[in-house]
Each structure stands twice: as structure tokens, then as C-alpha cells.
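Here are my notes on the model you sent round, set out as numbered points so that you can check each one against the coordinates. Please read them with the structure open beside you.

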Amino acid sequence: MRIEDFFELLFPGDKKLNVPSFRDCDDKSNVDGFLQTIPQVFIDELEGLKSSGYTSEALLKELKKKGIDLRPVINDVLDFYFSRSSVVTPLTGRSVPLTTSGMAKY
Amino acid sequence: MTPDIIVVGSGMSGAPAAWLLSERGYNVLLIESGADISPAELPTASIDWERKRDSEFNPVAAKRKNLGDYPVDDDQSPIAVCNFNAVGGSSILYSAHFPRFLKPDFTLKSDEDLAVNWPIEYDELLPFFEMNESIVGLAGKVGDTFYPELKQVFNSPVQLGKAGKSLAGGYDQLGWHWWPSYAAINTDQTMKRRLKCHGLGPCNTGCPMGAKATAKNTYLSLGLEKRVILMSEMAVSKLLINDSQVVGVEVVDRDKQVHNILCDKVVLAAGAIGTPRILLNSLNDDNARKIIRKDLIGKNLMMHPLGYAEGYFVDKIDTEKGPQGAMLYSMEFYRPSEPVDFKLGFMMHALRGASPVDTVKSLYGRRKLKFGADIYQQFSENYGHTMGIAIICEDLPDIANKVELDHENLDHLGIPGVKVTYELSNNSKRMMSYGLKKARQVLVSAGAKKTSGFGPIRNTGWHLFGTMCMGSNPKESVVDPNGAVHGLNGAYVFDASVFVTSSCVNPANTIQAVSLYLSDKLDEYIRNAH
């Protein structure tokens, strides 16, 4: 399985909410730039798995069974995906950068 | 310009000192190891603000490697050292919660037979609290019974919002004390040079609007119009000493060039970690051995152990908006009225909710995050639905808690880093455990469906005190009640390292008031000497 397919499974997007999937959450160059930060050892482990047919839960279980510490990669991708304006703005109603979101009402 | 006085560090204590001394007519050279960061460079002005918070704007000193940083080994402490080295210092990233220390905090020995009394009385500091609050434009409401001496504010309180109103209701139901936060935030734009607060939320990643008062946009801004000269990205490595007189400082620039700057009065204001580092590094010089209690430099480090209780609310309470660390506080347990198994007490400091990344990372950390199509619904059910209460515990001095030079870990300029040793006291453990129960109780009373509590939280060592203790007796303290180092003429310490007790409230207001007070004393001393 390719690393981008793994992340696509974790973050498939939501058409109703207008939230893009991982692959479309930013310009291709930014997404590719992020993918290049993933440790090669993790990419190698993924490549040993079949390319489709998993649910996200089953895939994570499979990786855990192989003794892989998922936390650093998952934390990094959560950082990346949930800081994209294409994801955050439809989910929160606030602009990114925050300084462009105007006076907050609370 | 030949400086009359050198001030080392441009943060909470250095900038007020530089301003007041320049107001009194002195030429002040303010030296800062960090860079001068523009508002546009602050995290919330960019897309990746939450990632920046984990890298160059990370408050955890050991995890950051900016130009002005030095190695901090805090592996021997359950609480990580948090600070920020830049023009404006840690005030760039603080929450701007701005209460004063309370009057009884200065007399623990005589009132409760604990630690020592301060050699400064609260009433002596009072005019300097008032001066400070007028310069930062204190927001809040007069009338808290815990602060009967506070007579004036300059901005309306930060709005409570839905979350604050719920929480206040929870406190009212239990009959417990609460009060709207005192904050150094320009809620009404009373302070004309700064913008009004937009309620963006994460004040502790820096405020690009300038609504939050920092040392930079208040004192430094005023001082630069007077007689303050700022040198940033210059690290003071040690004091230069001749016999028992300070004659200047050694500084290293970003190109590793060493310079000596001569001056017979040097004010150290680099914080409770940075100041002892400079003085300890000066001890290689035989002359510095005249400091009477050099063995106490770096000792008695105090922090505020912090516990965190979180409440989850079914209805959205909008905690993603508004200053994250300024809503309301409670002093109900400043000194608990019921019998408890610990001494002293704590403040309950209400905090708004988590940011987008923090929301999902918190769920992931608790193994609750559902990946795949469900993640979006789960996000919406949690974002803006949580609020927290920090339990800020009063710490006591302990000689075993300390800052030492770490000669194994040098900074990029070749100056030794520091090693921090700190153990959480049993008193703090008991206090925190009790405090977390009480915090969860009030969250339930406010309508929380679920609560959790944990502590001490590691990355919360913002409030650092006590490594250069102040006292009248030169045999028992490092500096005198005027901030002058016992036995070393011309060396002064004006920051939180002189504090002999820690209170249980956020210290920024008191750090600045103490710095102003000591600067006034230095002016008085110089005038009398002439």
C-alpha cells in the first residue's frame, strides 16, 4: 500500500460537509512535501501490505500487529490535515489563518 | 551612547526596568539573546499555526532550537521548563492572565510558619502594581474580595461567553468564589497604540493583533522612545568583574564574535533559569567568588505544579473563541475552609477549549479517535464542546530543586546550557489531587456530561521562581531587598529569581511590579550616592 492511500483511508473527506480528502486537502506540491517527511521505514512497512480492501480500523490493527509505533506518523498527519484551511474552515466556520477570521462572537 | 545601566533580557522584568530607568534619565542598553519577531511572523498569522507552536514557537525550552535558545536538560523534572527567548521574552507567548499576588503571599513565615517572609511588603509594591496595570491596560472588574486594594481597571473584563456563563453558574450553585479574569488584554481598545481583542483564541501562540500586552508592545515600545537602546541576538555569557565591582558584560554575537561592553551597573533580568545561568558562568572568574552566598545561586527553584480537569458539554459552548487563558478564576481554595491534608492552596484558572489539531490529537491520545468517514462527525461533536480548569498549586522553596550549569551541553555560541533538577513535593501532590476533584465537581455543576482530570501536566513550567533568593541577611540570601547581589557591587537581579515564595496565581503582574519597584530603588540609590 502506498503512503498516500493509507492517509486517504484515514481521511476520506466528507462531500456533504464540503471537506476534502487527504489527497485534495492542499496543493499537490504541499501534500507531496508533507509525504516526503514520513520516515522511509514506515513507508517500507506499508509497502508490504496489500493495496486495498482494508477498513481504516483493520489497517491500523494490522500495522499494530507488526509492532509498528504509529503515534509519530499519526500525530504528524493530524497536524498537517487538520491545519489545512480547506479542512478547518468547513468544519469550524473560521478562516485560516485565524487573523483573517474577523471579530469572533462568543 | 555610553550606557549608564545595562539590562540583560527584554521580557517581563527587563523591559519594565529599562523603561523606568530611561524615564528617570539614564541611558539604558537592553541586551536580548533572542530575535525581534514581527507580528506577521507569529503563528496565528499563518496557515500552519498549530505546527509552528510545536517547533519554533514551542514554549518548551528543551524542544526549541532558535537562535537565542540554549540547551535545557529538564529530564530530572516532572515539569518541563517553558519560556521564550525573543524580544519581549516569554510575554510573547503567555496567556495574559494578570492577577496580582495576594497580600498574605508576602508573609508566609509570620502567618503560617512556612518558608520566609518577603523583605518587601505588599503595600510597598502597591504603587508599582497600579503603575503596571495602567501601562498594560488591565482588563477586569473591581470588587473581588480577594483583591480589596485593587481600585482601578482600564478595560472591560474579557467576555465570559457561553462557556464562562455556564461555569460561573456551576460555581454559584456550589456557593464557591469566582471572578472574571484580570487580563492584560485590550478588550475596549483603551490602549490606543494596540488593536482591540478580536477573540481569535490562542493568545499563547502570540497575538498578531497586539491586543495582548507584551513586554515588547508596552514597556519596550515606550522605552525606545526615551533612552533605551536595544541590542537583540546578542547573548550575555558572563559578567565582567574587577575586584568586587562589576565592570561590564561579555557578549557573543550571532557570528560567535565575543565583545566586552563596559558599564558599572548591570541588571540581570533573564528569568529564573537564564539569570542564574549567567551568574554561575561568571563564577569562573575568581573575582565573582566574593558573592557571599554563591552556593545558593540556582537553588530553591520553584514552579507552579499544574493539574488539568476537562469537562465535555453536549451543547456547543463556543470555547474555540475568545482568549484561551482569560475567562474567570476562583480563589475558593486559596486557603481551603474545610480540613485538608496539605498546606497552602491553589487557584482554579478556567481555560477555553482546544484548537482543531488539539481536538483530534486529544481524542487520539485517549484512543477514542475514529478514523475514516466518522472522523468529521466526531470532530464536530468535540470541537468547541470542552473547557478546562487548571489547578495552579502554590509551591514552596526546597534547596534540592535547582538549576546548574551543564558543561556537557553548550549552546551554538559555546556557552554552557543548564540542567534542571526538580521534584514534586508530597504537599503539591496532595493539593493537586484534591484540586482536580474539586474542579471536576464544579464542571459537573456547570453541566458537563463527562469530566476527566490529570496532573502534573509536563509542558506547563511557565512560572519559574526563586533561584536567586532575596533577603536582608547576606548570610541567607543571594540578593538584598533592593535586588543588589550581596558582595558584588554593581550586579542587580530584578526578575522572578528573587522571589522567595510563589503564590498560586499567574505571576506576570507581580514580576513586572517587582521589577518596577527595584528599578525605582536603583534610581534612588544612584541619586543618593551622588
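The points below take up the two chains, the domains of chain B, and then some individual residues and pairs.

1. A caution on the kind of model comes before the rest, since this is a predicted model, in which local features need pLDDT of at least 70 and side-chain atom pairs count only at pLDDT 80 or more.

2. On the interface of the two chains, 41 residues of chain B are in contact with 37 residues of chain A, and the area buried between them is about 3200 Å², with carbon and sulfur atoms giving 67% of that area. Two salt bridges are found across this interface, and 12 residue pairs are in polar contact there, both residues being at pLDDT 80 or more. On the side of chain B that touches chain A, the elements supplying at least two residues each are α2 (49-52), α5 (161-174), α8 (356-365) and α9 (375-382) of chain B, and the largest share, five residues, comes from α8(B). A salt bridge joins A:Asp79 to B:Lys361, with 3.2 Å between the closest N and O atoms.

3. Chain B is itself divided into two domains, of which domain 1 is made up of 1-38 + 83-94 + 99-138 + 214-302 + 465-530 and domain 2 of 155-181 + 304-460. The contact between them takes 35 residues from domain 1 of chain B and 33 residues from domain 2 of chain B, while their centres, taken over C-alpha atoms, are separated by 29 Å. About 2900 Å² is buried between domain 1 of chain B and domain 2 of chain B, and carbon and sulfur atoms give 65% of this area. Of the area that domain 1 of chain B buries against domain 2 of chain B, 23% is supplied by B:Arg277, B:Leu301 and B:Cys504, more than by any other three residues.

4. Which polar features cross the interface of domain 1 of chain B and domain 2 of chain B? The rule finds 15 residue pairs in polar contact, both at pLDDT 80 or more, as well as two salt bridges. On the side of domain 1 of chain B that touches domain 2 of chain B, two or more residues are given by each of α3 (108-112), β6 (234-242), β7 (245-253) and α7 (271-282) of chain B, and α7(B) gives the most, with five residues.

5. B:Arg335 deserves a look, for this residue forms a salt bridge with B:Glu112, the closest N and O atoms being 2.8 Å apart, and its side chain also meets that of B:Glu394 in a salt bridge of 3.8 Å, N to O. The second pair links distant parts of the chain, 59 residues apart, with B:Arg335 in the loop between β12 and β13 (346-351) of chain B and B:Glu394 in the loop between β14 (386-393) and β15 (402-410) of chain B. B:Arg335 is partly exposed, at 24% relative accessible area, whereas B:Glu394 is buried at 1%.

6. Two further salt bridges can be set side by side. B:Lys216 and B:Asp36 form one with the closest N and O atoms 2.7 Å apart; B:Lys216 lies in helix α6 (residues 216-224) of chain B and B:Asp36 in the loop between β2 (28-31) and α2 of chain B, so the pair ties together parts that are 180 residues apart in sequence. The side chains of A:Lys28 and A:Asp32 also meet in a salt bridge, at 2.8 Å, N to O, but these two residues both lie in helix α2 (residues 28-35) of chain A, four residues apart, about one turn of the helix.

7. Is B:Ser330, in strand β12 (residues 328-330) of chain B, buried or exposed? At 1% relative accessibility B:Ser330 counts as buried, and a polar atom of its side chain lies 2.6 Å from the backbone oxygen of B:His177. Beyond neighbours within four places in sequence, the residues in contact with B:Ser330 include B:Tyr171, B:Trp178 and B:Met347.

8. On cysteines, a search of the whole structure finds zero disulfides over all chains. B:Cys393 is buried, with a relative accessible area of 0%, yet its sulfur is 8.6 Å from the closest cysteine sulfur, that of B:Cys504, which is too far for a bond, the cut-off being 2.5 Å.

Key:
Residues are numbered from 1 along each chain as its sequence is written. Chains are lettered from A and ligands numbered from 1 in the order in which they are written. Side-chain values use heavy atoms; hydrogens and water are left out. Buried means under 20% relative accessible area, exposed over 50%, partly exposed in between (1.4 Å probe, protein chains only). Domain bounds come from an automatic or database domain assignment. Contact means heavy atoms within 4.5 Å. Buried area is the accessible area (1.4 Å probe) that two parts lose on being put together, summed over both. A salt bridge is a side-chain nitrogen of Lys or Arg within 4 Å of a carboxyl oxygen of Asp or Glu. A polar contact is a pair of N or O atoms within 3.5 Å; within protein, one must be able to donate a hydrogen and the other to accept it, and residues adjacent in sequence count only if both atoms are side-chain atoms.
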